[in-house]
Amino acid sequence: MEILLKAKNLSKEYVKTTGFFSRTRVSIKALDNMTINIKKGITLAVVGESGSGKSTLAKSLIRLVELDRGTITFKDKNLRKINGEDLKQTRKNIQMVFQDPYASLNPRMKILNIMEEPLKIHDLGSSETQYSKILSMIKKVGLDEQDLSKYPHQFSGGQRQRIGIARALILEPELVICDEPVSALDVSVQAQIIQLLKSLQKEFGLTYLFITHDLRIVRHIANEVIVMKDGKLMEQGKTDIIFRNPKTKYTKELLASIPGNLSKRK
Ligand SMILES: Nc1ncnc2c1ncn2[C@@H]1O[C@H](COP(=O)(O)OP(=O)(O)OP(=O)(O)O)[C@@H](O)[C@H]1O
Ligand SMILES: [Mg+2]
């Protein structure tokens with residue numbers, strides 16, 4: 001199976017000042033020698049408790065976080081070294097869906113303009129071609145043409161996340177990083193968004209890096225899982241194997257904390 005992204009020995013340390021007089025400086029290893037491979041066309045879930053470094057990992061892959069060490073190879077290009085046209089193309093090819101769709105959509109922009117922006121930045125097609133692309137994408141995520149002239153606040157949380165997904169996909173990326181994309185939504189809406197992500201994956205042959213702390217969702221969506229703790233890789237493998245036979249105590253504890261303990265079912 002082709003590997004789309006290889007990340008090797010990623011390390012990132014944050015220095016925080018704590019204490020009343022801010023005299024104490026502590027360093028936190030948000031990423032500690034993390035190595036992951038993302039195979040093309042699959043969903044790789046990243047799980048781990050809060051603060052384990054999941055978002056830092058995600059952001060480092062799109063260069064939103066400057067790493068201390070490590071190499072990232074995406075389609076045979078060294079992500080940390082590229083610039084110019086290579087960087088622009090790679091930026092197009094790796095998109096992110098965020099947890100809070102409201103915070104990530106500009107409240108002053110109409111949906112049409114939100115969707116247009118990436119196409120304009122990348123100078124893709126005439127305005128008619130851009131419009132038809134946008135229209136087709138907004139329909140694919142379950143909205144319609146009238147919605148293009150509305151503002152983010154006129155939508156429900158689930159609809160906003162549909163817009164966030166449409167915006168991420170408009171540039172036809174190969175890799176989509178989803179950082180807790182349904183955590184802010186009601187459970188019934190979560191299921192719809194997960195279904196949508198699955199069907200879009202099938203249609204466009206997408207690869208997902210899917211960050212979540214909800215192991216029930218992992219079961220529904222992920223082919224493979226990595227488990228993180230304190231910036232380190234604890235365990236990795238196929239979803240059903242990890243669920244059936246977790247190797248580390250930490251993964252066992254994570255699984256045991258699922259309501260109804262799904263790890264025992266099947
Ligand atoms: N900009 C920052 N400055 C200082 N420390 C940071 C920064 N971003 C993250 N950290 C710290 O790095 C560690 C990893 O954070 P990260 O956000 O990657 O965890 P996470 O697994 O995504 O957590 P959550 O499940 O709560 O989203 C945490 O201890 C966090 O406090
Ligand atoms: Mg996070």
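**Ligand shell and the two sheets**

Of the elements around ligand 1, helix α1 puts in the largest share of the shell, with three residues. This is a predicted model, and everything below should be read that way. The full set of residues around the ligand runs as follows: Tyr14, Lys16, Ile28, Ala30, Glu49, Ser50, Gly51, Ser52, Gly53, Lys54, Ser55 and Thr56. Sorted by class, that shell comes out as six polar, three charged and three nonpolar residues.

A few polar pairs stand out between protein and ligand. The side chain of Thr56 has an N or O atom 2.5 Å from an oxygen atom of ligand 1. Two backbones join in: a backbone N or O atom of Gly53 sits 3.0 Å from a ligand oxygen, and for Ser52 the corresponding backbone distance is 3.2 Å. On its own, ligand 1 would expose 640 Å², and the protein buries 65% of that area. Three elements give two or more residues each to the shell, namely β1 (3–18), β2 (24–39) and α1 (54–61).

Two of those elements, β1 and β2, also belong to an open sheet of four strands, ordered β2-β1-β4-β5 and paired antiparallel. At its edges are β2 and β5 (77–78), each of which pairs on one side only. Inside the sheet, β1 and β4 (residues 69–74) run antiparallel and are joined by five bridges. One pair to look for here is Lys6, whose bridge partner in β4 is Thr73. As for how such sheets hold together in general, strands pair through backbone hydrogen bonds, in either a parallel or an antiparallel way.

The other sheet to consider is built from six strands. It is open as well, follows the order β6-β7-β8-β3-β9-β10, and has mixed pairing. Its edge strands are β6 (94–97) and β10 (232–238), both pairing on one side only. On average, neighbouring strands in this sheet are turned by 15° against each other, with direction ignored.

At the β10 edge, β9 (residues 224–229) and β10 run antiparallel and share six bridges. Following the register along this pair, Ile226 stands opposite Gln236 of β10, while Val227 faces Glu235 of that strand. The two strands make a hairpin with two residues between them, and Asp230 in the turn has a positive phi of about 50°.

Helices also lie across this six-stranded sheet. Helix α5 (residues 157–169) crosses β6 and β7 (175–179), and its direction is at about 175° to β6. Helix α6 (residues 187–204), in turn, lies across β3 (43–47) and β8 (207–211), running at about 155° to β8.

How values were computed
Residues numbered from 1 in each chain as written. Chains lettered and ligands numbered in written order. Predicted model: local features only at pLDDT ≥ 70, side-chain atom pairs only at ≥ 80, totals over all residues. Heavy atoms only, no water. Near = heavy atom within 4 Å. Polar contact = N/O pair within 3.5 Å; in protein donor to acceptor, adjacent residues only side chain to side chain. Areas by Shrake-Rupley, 256 points an atom, 1.4 Å probe, with all protein chains shown as cover. Nonpolar A, V, L, I, M, F, W, Y, C, P; charged D, E, K, R; others polar. Pairing = 2+ DSSP bridges. Axes fitted to C-alpha atoms, helices over the stretch in contact; angles between N-to-C directions. Contact = heavy atoms within 4.5 Å.
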